[in-house]
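Visitor: Could you walk me through the terms used for this model, one by one? I would like to see each label set against its cut-off.

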Amino acid sequence: MNRGTGGRLVLAATPMGDIGDASQRLRDALATADIVAAEDTRRTRALAKALDVEITGRVVSFYDHVETARIPALLGDIAGGRTVLLVTDAGMPSVSDPGYRMVAACVERELPVTCLPGPSAVTTALALSGLPVERFCFDGFPPRKSGARREWLRTLTTEPRACVFFEAPHRLAECLADAVQVLGPDRRVAVCRELTKTYEEVVRGTLAELAAWAVDGARGEITVVLEGARPESADPADLVAEVETLTASGMRLKDACGEVAGMAGVSRRELYDAVLAARAAD
C-alpha cells in the first residue's frame, strides 16, 4: 500500500482482543495510509502502539454519529489519489459497525475499495458453537424492547439456518427468556462472551438452560448462536407412495426407505414398517 499509486478505500479487520490476531497487512496499512478513519481514534492509536507501528497519516474519527458527515471529504481524498484506511474498534468494519455507507458511496462514485480480512466475532462464534452452521444468517442486534424482540424471534420459528446475533450483556437474560417463550425451551444455543480475550467463555445448552444461567448476569462482549429450526417430522404413512415409486424404478425397499426417510426427517425403521403395513392392507 504505497502512497501515490492511486486513491482507494481499504477496510481492515482489527483484533477483537488478542493483539496477536493482527495481520502483517494491517500493520503495513496503519503505517502507510494517508488517512486513517477510525471508530475511536484513541483505541486505534493504542492499537498501533501495541503493534509497534507509527501512524504517519492523518487520523480522523469515523463513528456512527459523524459517519455521514465525514464521507464527502473522504471521497474527495480518495478521488485525489489518497489511501483511506477504515478501521473499527474490533472485528470487521460494516458488520454492525461503521463502514457500509462509506463503501456504498465509493461504489456509487466508482472509486476503488478493497479489504484486509481478519478477525470477526460472527465466524468465530459460529466455529465455537458446536451447532450445525453450514448455513447461517446474521441478524445484528435484536430489538431492545420485549414486544419488538418477540416479533423478531417469531421470524426465527421456522428458520432452518443457524442465526448468529450480538446482544448487550444487560439485556441477555431478557432476550433468552423471550426466546424460551417464543421458540420453546429445547432449541439449542451457544452464548459466546469475550471472544479471544483473557476471560473468553462459551456456554452451550438449551434456551431454557441458558436463560436460567443468564439470570445471574453476563459481562463483556456477547455473541449468540441459535440453532436453526428442525423440520417438522412427516407422518411415515404419508411417505409410502414415494417409497413405492422408487421401488417401482428398481430400487431396493430398504434403500428407498433410507432415501425418503433422510429427506423427510423421519425414522427409516418406522417408514419401512409403514410400507409393509400398507402392502399387507392391500
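Guide: Happily! A polar contact is a pair of N or O atoms within 3.5 Å; within protein, one must be able to donate a hydrogen and the other to accept it, and residues adjacent in sequence count only if both atoms are side-chain atoms. This is a predicted model, where local features need pLDDT of at least 70 and side-chain atom pairs count only at pLDDT 80 or more, while totals for chains, interfaces and linings use all residues. Residues are numbered from 1 along each chain as its sequence is written, and side-chain values use heavy atoms, with hydrogens and water left out.

Visitor: What makes the pair glutamate 159 and arginine 161 a polar contact?

Guide: Their side chains are joined at 2.8 Å, and the limit is 3.5 Å, so the pair qualifies.

Visitor: Why is glutamate 159 called buried?

Guide: Buried means under 20% relative accessible area, exposed over 50%, partly exposed in between (1.4 Å probe, protein chains only). Glutamate 159 has 14% relative accessibility, so it counts as buried.

Visitor: Where does glutamate 159 lie, and what is it in contact with beyond its sequence neighbours?

Guide: Glutamate 159 sits in the loop between helix 6 (146-154) and strand 7 (162-167); helices (H or I, at least four residues) and strands (E, at least two) are DSSP runs, numbered from the N terminus. Setting aside neighbours within four places in sequence, glutamate 159 is in contact (heavy atoms within 4.5 Å) with Cys137, Gly228 and Ala229.

Visitor: What makes a group of residues a nonpolar core?

Guide: Such a core is a set of buried Ala, Val, Leu, Ile, Met, Phe, Trp, Tyr and Cys residues joined through side-chain atoms within 4.5 Å. The largest one here has 24 residues, and Leu172, Leu176, Leu183, Leu207 and Leu226 have the most contacts inside it. Helix 7 gives the most to this core, with seven residues. Apart from it lies another core, of 18 residues, including Ala38 and Leu85.

Visitor: What does leucine 176 touch farther along the sequence?

Guide: Not counting residues up to four places away, leucine 176 touches Val191, Leu207, Leu210, Ala211 and Ala214.

Visitor: How are the residues lining the largest pocket classed?

Guide: The lining has 16 nonpolar, nine polar and nine charged residues. Ala, Val, Leu, Ile, Met, Phe, Trp, Tyr, Cys and Pro count as nonpolar, Asp, Glu, Lys and Arg as charged, and the others, Gly among them, as polar. A pocket is an open set of points on a 1 Å grid over the protein atoms alone, where a 1.4 Å probe fits, with protein on both sides within 12 Å along at least five of seven lines; lining residues have an atom within 4 Å of a point.
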